[in-house]
Amino acid sequence: MKKIIMVMILLLSALAGGTEVKVNASITHDRATWLWDPWMIVNDEEGTLAFLESKRLNKVYLQIDRNISASIYQSFIEKSSAKGMEIYALDGAPEWAAPKGYISQDHLMAWLSGYQEEASPQQEFSGVHLDVEPYLYSGWNSKRAATVKSYQALLLRAKNSTENLNLPLEADMPFWFDEISYNNIYGKGLLAEWVIAGTDGVTIMAYRDSAALITDFVKKEIEWAGRYSKRLIVGVETGETSEGDTISFFEEGEIYMNEQLEIVKGYYENKAGFGGTAVHHVGSWMTIKP
């Protein structure tokens, strides 16, 4: 009888372990990038698609330029979708954090609404990705509390608009937002946690050139993302910068960058809040040394 019980315990343990492995194996992590120059898909759609596919991407944040025909976006998204990529409508500017900056955001949402109505299911955007960077707006230094509040109002407005469009809302955020506090009509706390809780996903601009620094800088944000059942994507820089030689992988090259991203992924891949990695951006990525 004892042998039978032991066999049953071992069998149940094996089944439990097998189920856990299947669940973990089913988790896919995003590999994303920003495509800031949409005229690339006007002038060389085939070449742009080939580059994105060669980098094994499954998510692209594509800048919206209303001077570009909707048919161009439709063609690109349809072909990208066939290659397993989701395309998110990308837009934003520091001035959107101004008192009336929401007007520019409303224009984006209006354009997107019309686009989605005309597009086939294979041509539709998969979501909205905002890159506002309110800290570059003049009011960030002169009227910090008011600017933070305006930025929060902007994201809440965006969330309402994207829900009406039945699309997820994502946002870019610097790693140091976990040091910015707020105390206003939206409550009291740290801005990073508020942004993570209030959007469907965040790409954190962890612009450093070593896995050790990156994993340390995003630690709190990964925990918050897990707490709120969100997924946080860790973004890195490839462009040349004058801000210091630890910011970008421009000096080290792509091979080293990919090695560091694999370390970051290995460190966080079993954390519920980790959603993958992103490389900023297509333009500089195309010219970075191997």
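Colleague: Which residues do ring pairs link into a cluster?

Modeller: Keep in mind that this is a predicted model. The structure holds 20 aromatic pairs. Some of the ring pairs join up into a cluster, and its members are Tyr135, Trp140, Tyr151, Trp176 and Phe177.

Colleague: Take Tyr73 and Phe125 next. Is that pair stacked, edge-to-face or tilted?

Modeller: The ring centres of Tyr73 and Phe125 are 6.0 Å apart, with the planes at 50°. Stacked needs planes under 30 degrees apart and edge-to-face needs over 60. An angle of 50° fits neither, so the pair of Tyr73 and Phe125 is tilted.

Colleague: How many residues apart in sequence are the parts that this pair ties together?

Modeller: Tyr73 belongs to helix α4 (residues 70-82), while Phe125 is in the loop between α5 (102-118) and β4 (127-130). Both residues are buried. Because one ring is in the helix and the other in that loop, the pair ties together parts whose separation in sequence is 52 residues.

Colleague: And Tyr268 with Phe274, what sort of aromatic pair do they form?

Modeller: Tyr268 counts as buried at 3% relative accessibility, and Phe274 does too at 1%. Their rings are 6.3 Å centre to centre, with 25° between the planes. With the limit for stacking at under 30 degrees, the pair of Tyr268 and Phe274 is stacked.

Colleague: Over which ring does the charged end of Lys59 sit?

Modeller: The distance from the charged end of Lys59 to the ring centre is 4.6 Å. The ring under that charge belongs to Tyr88.

Colleague: On to the helices. At what angle do α8 and α10 pack?

Modeller: Helix α8 covers residues 191-198 and helix α10 covers residues 219-227. Their crossing is right-handed. The axes are 9 Å apart, and the angle is about 35°.

Colleague: How many nonpolar, polar and charged residues are there in the contact of α8 with α10?

Modeller: From α8 come Ala192, Glu193 and Ile196, and from α10 come Glu221, Trp224, Ala225 and Arg227. By class, the residues of this contact come out as four nonpolar, no polar and three charged.

Colleague: How many of the eight residues of α8 are buried?

Modeller: The buried ones are Leu191, Ala192, Glu193, Trp194, Val195 and Ile196. The helix is therefore largely enclosed by the rest of the structure. The count for α8 is six of the eight.

Colleague: Which residues does Val202 touch, leaving out those up to four places away in sequence?

Modeller: Val202 is in strand β8 (residues 201-205), and it counts as buried at 3% relative accessibility. Val195 and Ile196, which are among the buried residues of α8, are on the list of contacts. The full set for Val202 is Ala171, Met173, Val195, Ile196, Arg231, Leu232 and Ile233.

Colleague: Ala171 is in that set. Which strand holds Ala171?

Modeller: Ala171 is buried, with a relative accessible area of 1%. Beyond four places in sequence, Ala171 touches His129, Leu130, Thr199, Gly201, Val202 and Thr203. The strand that holds Ala171 is β5 (residues 169-174).

Colleague: What about the backbone: is Arg56, with its positive phi, buried or exposed?

Modeller: Arg56 has a phi of about 55° although it is not a glycine. Arg56 is in the loop between α3 (45-54) and β2 (59-63). With a relative accessible area of 60%, against a cut-off of over 50%, Arg56 is exposed.

Colleague: Which two residues does a cis peptide bond join?

Modeller: Omega of that bond is about 0°. One partner, His281, is found in the loop between β10 (274-280) and α12 (282-285). The bond joins His280 and His281.

Note on methods. Residues are numbered from 1 along each chain as its sequence is written. This is a predicted model: local features need pLDDT of at least 70, side-chain atom pairs count only at pLDDT 80 or more; totals for chains, interfaces and linings use all residues. Side-chain values use heavy atoms; hydrogens and water are left out. Axes are lines fitted to C-alpha atoms, for helices over the stretch in contact, and angles run from 0 to 180 degrees between N-to-C directions. Helices (H or I, at least four residues) and strands (E, at least two) are DSSP runs, numbered from the N terminus. A crossing is left-handed if the near helix is turned anticlockwise from the far one by less than a right angle, and right-handed if clockwise. Contact means heavy atoms within 4.5 Å. Ala, Val, Leu, Ile, Met, Phe, Trp, Tyr, Cys and Pro count as nonpolar, Asp, Glu, Lys and Arg as charged, and the others, Gly among them, as polar. Rings of Phe, Tyr and Trp (its six-membered ring) pair if their centres lie within 6.5 Å; planes under 30 degrees apart count as stacked, over 60 as edge-to-face and the rest as tilted. Buried means under 20% relative accessible area, exposed over 50%, partly exposed in between (1.4 Å probe, protein chains only). A charge sits over a ring if NZ of Lys or CZ of Arg is within 6 Å of the ring centre and within 35 degrees of the ring normal.
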